[in-house]
Amino acid sequence: MITPTEGAELSELISRFADENASGGLAVADICSAAREHFASCAADSDDSVLVQALVRTRDAARRQKQFELADALRKHLLEAYSVSLHDAEIAGATVKATPGRTDDVKGLRIKILGLARDALDASTAAHDCAGAEEVVNSAAMQILECLRSSPRRQPVLHGRQHSDVAITMALAGSDNVELFNLLAEGQADELQRTARQTRGVVAAQIVERYAAAGVRPQDCPRLFACAADIMRQHGFAETRTLRDLEAGTFSLFSERPLRWLFRHTTQLGRRSAVPRDGGAAAEEAVQALNRACVGADGSVALPLVLDLGCGFGTSSLGMACADASCAVLAVDASAHCTRFARALARRWGLPPERLQYRHSSAKAALDAVAAAYRGPVKLVMVNFPTPFAEATPGGAEPQTEAEANADGTSDADATADAEADGGGGGG
């Protein structure tokens, strides 16, 4: 329902539409654009429900003025864009009754998508090896894609930052479905463009940080990153490295803010570190794969090797593999969950497996496998110290208490405060 104030604004808007269309020069697209601009610039709510009511009343006025071509076009637009079917009744000249079409279906799709993403992440964090959650995660990705494709045309299933919620959740679950992440990024770009006037700069910053943390790069969806930068600039977001990198096209997973999202997830979760019994076999298999990228006249010498021991989410090794094609990288970690994220991201980015391998394995097993079978020199060994908030046990560390897991005092609820402190305080 609309308020009396909004009703008066609608009446004024409808009169203007009718007057402007007296010459037949106003199209449906013009009406929609003018309505959105009108409500965005006034105190009235500017969501789709108010716009739909404006369009319904405009159509009613058009029928009264016998502008039936415009009325028919509006009726078709309301059905296709908002799943609203109109039923005309002759009462006091002409009235229109609007009945929602598939609103309940859209809400059901939204609930299903968010639930599938949460289930996939839960399966990933609970699995004790990299293959343990693969079936659940792959199935969730395909079902989410199906839900997004089946939504009514121009009626988005996800709103606000929900696209980014699903993207980062599925990335952390270890999904490598490139089509899914591209569709979520495009959907988020559409949503930002639609709500650019109302979206605060700090919210746009959080959204793009989450996409970067999910491994979505500027080249994957330029429109998303450009739109976020425009909103931040227009709403007075402070001059920060995030904004400068966005405008320069260099904002990525390796930027400070996205890395904080990954760290926050790990601290809240509590690292479940359980070295697999077959970690030695996994490391040996990785070494054989890396041996395939041989150099030298007789093809007997492998590339110089970088060992990343305790790689976590694999950001260091991913960055090295992207920056230097002259070396091979073997990265291992005792957390299957973290390793799954890194492996999926390497596949999404198209990094060749003969140059980059992630394995759920102990550091000792990796060192033994390299010493026994690698056919090239070892260029560098990176040792990442165990995380201070979780200690590995022979059976794998159980999640700690919430207070212990949040030892750095942060949580998702603190994201806004974090961003504000980082320069988002001027968000409009």
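The legends below accompany close-up views of a predicted model.

**Figure 1. Overview of the predicted protein model.** The protein has 428 residues, of which 50% are buried, and its secondary structure comes to 18 helices and eight strands. Among contacts between residues at least 6 apart in sequence, 76% join residues that are at least 24 apart. The accessible surface amounts to about 19,700 Å², and carbon and sulfur atoms account for 53% of that surface.

**Figure 2. The open sheet of four strands, in the order β7-β6-β5-β8.** The pairing in this sheet is parallel, and its edge strands, β7 (356–360) and β8 (378–383), each pair on one side only. From one strand to the next, the twist averages 15 degrees. Two helices lie across strands of the sheet: helix α15 (residues 336–348) lies across β6 and β7 and runs at about 160 degrees to β7, while helix α16 (residues 363–373) lies across β5 (305–309), β6 and β8 and runs at about 165 degrees to β5.

**Figure 3. Edge strand β7 and its pairing with β6.** Strand β6 (residues 328–333) pairs with β7 in the parallel sense over five bridges; within this pairing, A331 stands opposite Y358 of β7, and V332 has R359 of β7 as its bridge partner. In a regular strand, side chains alternate between the two faces of the sheet. In β7, L356, Y358 and H360 point one way, whereas Q357 and R359 point the other way. Although β7 is an edge strand that pairs on one side only, five of its five residues are buried, and β7 is therefore largely enclosed by the rest of the structure.

**Figure 4. The largest nonpolar core and a second, separate one.** In soluble globular proteins, nonpolar side chains tend to be buried together. The largest nonpolar core of this model holds 73 residues, and those with the most contacts inside it are I144, M170 and L318. Helix α9 (residues 201–213) supplies the largest share of this core, namely eight residues. Leaving aside neighbours within four places in sequence, the contacts of M170 are A117, A120, V137, A140, A141, I144, S175, L180 and F181. The second core is separate and has 17 residues, among them L303, L305, L307 and A328.

**Figure 5. Buried E191 in helix α8.** E191 is found in helix α8 (residues 178–194), and because its relative accessible area is 5%, under the 20% cut-off, E191 counts as buried. Not counting residues up to four places away in sequence, E191 touches P156, L158, H159 and G160. The C-alpha atoms of E191 and R161 are separated by 8.5 Å, although these two residues are 30 apart along the chain.

**Figure 6. Cysteines C147 and C221 in a structure with zero disulfides.** A disulfide is a covalent bond between the sulfur atoms of two cysteines, and the structure holds zero disulfides. For C221, the closest cysteine sulfur is that of C227, at 9.6 Å, which is too far for a bond because a disulfide requires sulfur atoms within 2.5 Å. C221 counts as buried at 1% relative accessibility, and C147 likewise counts as buried, at 4% relative accessibility.

Conventions: Residues numbered from 1 in each chain as written. Predicted model: local features only at pLDDT ≥ 70, side-chain atom pairs only at ≥ 80, totals over all residues. Heavy atoms only, no water. Pairing = 2+ DSSP bridges. Axes fitted to C-alpha atoms, helices over the stretch in contact; angles between N-to-C directions. Contact = heavy atoms within 4.5 Å. Buried < 20%, exposed > 50% of the residue type's maximum accessible area, 1.4 Å probe, protein only. Areas by Shrake-Rupley, 256 points an atom, 1.4 Å probe, with all protein chains shown as cover. Core = buried A, V, L, I, M, F, W, Y, C linked by side-chain atoms within 4.5 Å.
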